[in-house]
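Work through the exercises below with the model open. Each task is followed by its solution in steps.

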Amino acid sequence: MRSLRDWTFYPITTRELVVCAAVDVTPAMRRVTLGGPGLAAHTAPSGHRVQAFRSDGFDDEFKLFLRHPEEPVALVPAQLDGVLDWPRHPHLISRTYTARRWDQGAQELDVDLVLHGDGPAAAWARTVQVGDSVQIAGPKMSGTHPRGADWSLIVGDETALPAIGRWLEEFPEGARAQVFVEVGEDSHRQELTVPEGVELTWLVREGAPAGSTSLLFDAVRAAPWWPGTVFAWAAGEALTLAPLRRWLRREKQLDPEQLDVTGYWRRPAAADSSGPAEATGGALPGGAEPSGDGSIEKVATAAAAATGPEESAPGAEPQEDEDLLHAAELVGPMALRIAATIGLGSHLADGPATTAELAARSGCSESGLSHLLRYLEAIGIVQRDRRDREASGTWCWVFTARGLEMSDEWYEDRLRLDGPHGLEQLAILGLLRAVRTGVGADVEQVLEGLGIVEASTRHQRRQDRLRAEADRAVFLAGPLAEAEALADWSALRISGRGADEIALALRRARPAAELSVLVDPTDAEAMRERLAGAAVTVEEQGLFAPSPSPADAHLLVDLLDRYPDDAAIAVLRAARAACGGGRVVLVGEALEDEALDEHECEDDLLAFARGEAGLRTRAERDELVRRAGLEVVSASSVGWGFDVRVLA
């Protein structure tokens, strides 16, 4: 998550609040004020501590839990240690919203809800009464105003108004921005704070359905492009924003860290309402995955080519009793990932193209591509369009509304088989062997043998892997740098996943600390490139060989889970010996046996498939510590439930 914005991460909490007021801001927006003792620090019914509510960023988001018509009360998650245990029930209803105003002194939280549509959130907003209770979860992170930007480009529809309104109220003195806001009609405009140096432009759809126009994109392209470094923030309907993101990346050459483009909602393909059916007024910040059902990545990772008969090819027979078979399908996810790998999203983003044109652009066989396109047509990703080829009668291909997400570079990056995310998923190729023998496959050799990656690109793949690991470590690095467990130590060695990001966070927190990162020699060159200029020593030597300088502590970040038990015990003993009289600190995620998470279990399975031990529970790690002749002298959690254990 590279960004000009600095991010702070909080333990994920859930709490019950009380409705203190509800007023209409405009005919399209209702503001609900929440308060109550749940905003203060307290102990949850589960026995876990809930920290006081905190919201420091203009687009902080939290989830609101609503009652299903068939349930007496809303289904809500239970509080665990820094994370939540989510109920696995089809009647769970949650919607994501922006913290429009947080007044710590008054202990009041405002949330603005778009009133379009007839979904559960809009219905709740219309009928909510003072004194009603409601459960929320979050925020789990806050982002600052972008640092180092000469000006900001701020773009959004009515669902982005809560974030934009709060941002303008908290805008730094002297900062400049161009702001574009789209609403349904003139009466939906709000009285916003407009600081000096900020230009605000309202765009009105005049009756057109929300998410159906190019007003925002057209306005941004027509606006003057100010000199200097820009930070672009955009939120609203996901597919409407895809061309804007592509234009900013291609035409304006913005780096990913200069972009924060988030789909707050998704307009159904057949929608004809005047507004978002369930617009949230907030969504995941920091370039995280756009929310919404039926997304391209969801299709690619859920291993289901279609979600029901209504999305099947014309004339297809409904498969009412084949849920298990659909869940086991491999073709759909692989076809979508192959389409992303050959750049189909980019090649079709600018308009209709024939099979021959697409083959030429992608460097693929025309006959091979025709097979892929026919399948993508059958599952509703592309469709044929003859409008531009009437004279010759040649078919062109265009994206369907569902498939338009393929043109978004964010999805393409996530789905590419030869990218770090795709390569991680392909570790599944070694799962059968791992299950049968207990030993995973050398996935790197398998992929080179299949022609998915080339041996000549190994260095670049190491760079990509280190970058992906560092991106994940962002969520741990900040909280770990502030952890009490590391408060008294000034010379630290760091090993494991995302060690570079951890070192950078510790360097920012402790400018005078002696920091070194211990890496496998094959990763040393790539690691030095990533840490250039950071005053962090990269130790290129055998794992846990004696350090040339003593250290107060050796941090093992998500490292033990790479090794089976006997090897993990050896790693612990070697780490203890390598840092002399210092202590060993185990850091990372732990598997929650009592609240299994699908994503954690997926990570565990993929790790096992590629020859690692997989995730362990806290009890299993403590047993390894005991067998290594060490003991746990303190245990705590930081951030999103990351486990920190100090050993002696």
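**Exercise 1.** Find the bridge partner of glutamate 16 in strand 12, then describe how strand 2 pairs with its neighbours.

Solution. Step 1: glutamate 16 has glutamine 135 as its bridge partner in strand 12. The model is predicted, so local features need pLDDT of at least 70 and side-chain atom pairs count only at pLDDT 80 or more, while totals for chains, interfaces and linings use all residues. Residues are numbered from 1 along each chain as its sequence is written, and side-chain values use heavy atoms, with hydrogens and water left out.

Step 2: strand 2 (residues 14-26) and strand 12 (residues 133-137) run antiparallel and are joined by five bridges. Strands pair if DSSP finds at least two bridges between them; strands (E, at least two residues) and helices (H or I, at least four) are DSSP runs, numbered from the N terminus.

Step 3: seven bridges pair strand 2 with strand 3 (residues 29-35), again in the antiparallel sense. Aspartate 24 has arginine 30 as its bridge partner in strand 3, and a hairpin of two residues joins strand 2 to strand 3.

**Exercise 2.** Place these strands in their sheet and give its edge strands.

Solution. Step 1: the order is 9-6-12-2-3-11-10, an open sheet of seven strands with antiparallel pairing. Step 2: strand 9 (93-98) and strand 10 (101-103) are the edges, each pairing on one side only. Step 3: on average, neighbouring strands of this sheet are turned by 35 degrees against each other, direction ignored. Axes are lines fitted to C-alpha atoms, for helices over the stretch in contact, and angles run from 0 to 180 degrees between N-to-C directions.

Step 4: strand 10 pairs with strand 11 (residues 108-114) over three bridges, in the antiparallel sense. Here arginine 101 has aspartate 110 as its bridge partner in strand 11.

**Exercise 3.** How do helix 7 and helix 10 pack, and at what angle?

Solution. Step 1: the axes of helix 7 (residues 331-341) and helix 10 (residues 366-378) lie 11 Å apart, at an angle of about 125 degrees. Step 2: the two helices are therefore oblique to each other (under 35 degrees counts as roughly parallel, over 145 as roughly antiparallel, 65 to 115 as roughly perpendicular, the rest as oblique). Step 3: helix 7 passes helix 10 in a left-handed crossing, meaning that the near helix is turned anticlockwise from the far one by less than a right angle.
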